[in-house]
Amino acid sequence: MLLFVVAVGWVLVLASWLRARTETRGVNSISSFSRHLSVLERTSPARQGQGGVEAADEGGVVRPLRHAPIGLATAGRPGRMTLSQARRRRRDVLVGLGAATAVLAVLALTVGAVFVALFVLAAVAMGAYVALLVRAQRIGAERDAKVRYLPQPTTLDSSGYWLQQSAN
């Protein structure tokens, strides 16, 4: 049984190595430059005026965020994750870790030795993932509490028009 677990581990390592090797094959300098340029465009602070990720405050008013959280972008960009896709991915990872932990708990009770160690490893992984989710939630709540949006002008009345003209 232990040899089976070690063999599965080696198969995963080899599959990862082969996948990484095939991804780098066939890349020329132009496509590499284009990929690097798209990364720079995504991380540029000069893009603040363009449509970013939106967030709703307590009153339900939707306002654009200035910078998207890491790994998230607008829905219009192909290959990038939206907020709902990120939530779905987090939920799927949590359910997968929970299912793996439950299956390994049953196997640890019925089979024994090897699966006890695997169960402990899966439980630690799930605990660490939940701790990271809680930390991310706290950071988001702290950011929401500290960030205040300036009121947006709706229309210019006559005094606003003259003030704007005198400033130019």
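**Exercise 1.** In this predicted model, work out which helix is included in what covers the buried residues of H4.

*Solution.* Helix H3 (83-110) is part of that cover. Next, pick out the residues being covered: in H4, Phe115, Ala122, Tyr129 and Gly140 are buried. For a look from the other side, go to Thr101, which sits in helix H3. Its contacts, leaving aside residues up to four places away in sequence, are Phe119, Ala122, Ala123 and Met126. Thr101 has 11% relative accessibility, so it counts as buried, the cut-off being under 20%.

**Exercise 2.** Check how far apart the end C-alpha atoms of helix H4 are against the expected span.

*Solution.* Start with the residue count: H4 covers residues 113-146, which makes 34 residues. Take 1.5 Å a residue, using one less than the number of residues, and the helix should span 50 Å. Now compare with the model: the end C-alpha atoms lie 50 Å apart, so the two agree.

**Exercise 3.** Decide whether Phe4 and Thr82 are each buried or exposed.

*Solution.* Take Phe4 to begin with; it belongs to helix H1 (residues 2-24). Its relative accessibility is 55%, and exposed means over 50%, so Phe4 is exposed. Phe4 also joins Met1, Val8 and Leu12 in a nonpolar surface patch of about 430 Å².

On to Thr82, found in the loop between strand E2 (62-64) and H3. With a relative accessible area of 17%, Thr82 is buried. Its side chain makes a polar contact with the side chain of Ser84, at 3.3 Å.

How values were computed:
Residues are numbered from 1 along each chain as its sequence is written. This is a predicted model: local features need pLDDT of at least 70, side-chain atom pairs count only at pLDDT 80 or more; totals for chains, interfaces and linings use all residues. Side-chain values use heavy atoms; hydrogens and water are left out. Helices (H or I, at least four residues) and strands (E, at least two) are DSSP runs, numbered from the N terminus. Buried means under 20% relative accessible area, exposed over 50%, partly exposed in between (1.4 Å probe, protein chains only). Contact means heavy atoms within 4.5 Å. Patches are made of residues with over 30% relative accessible area and no salt bridge: like charges are joined within 9 Å, nonpolar side chains (Val, Leu, Ile, Met, Phe, Trp, Tyr) within 5 Å. Accessible areas come from the Shrake-Rupley method with a 1.4 Å probe; for residues, only the protein chains shown count as cover. A salt bridge is a side-chain nitrogen of Lys or Arg within 4 Å of a carboxyl oxygen of Asp or Glu. A polar contact is a pair of N or O atoms within 3.5 Å; within protein, one must be able to donate a hydrogen and the other to accept it, and residues adjacent in sequence count only if both atoms are side-chain atoms.
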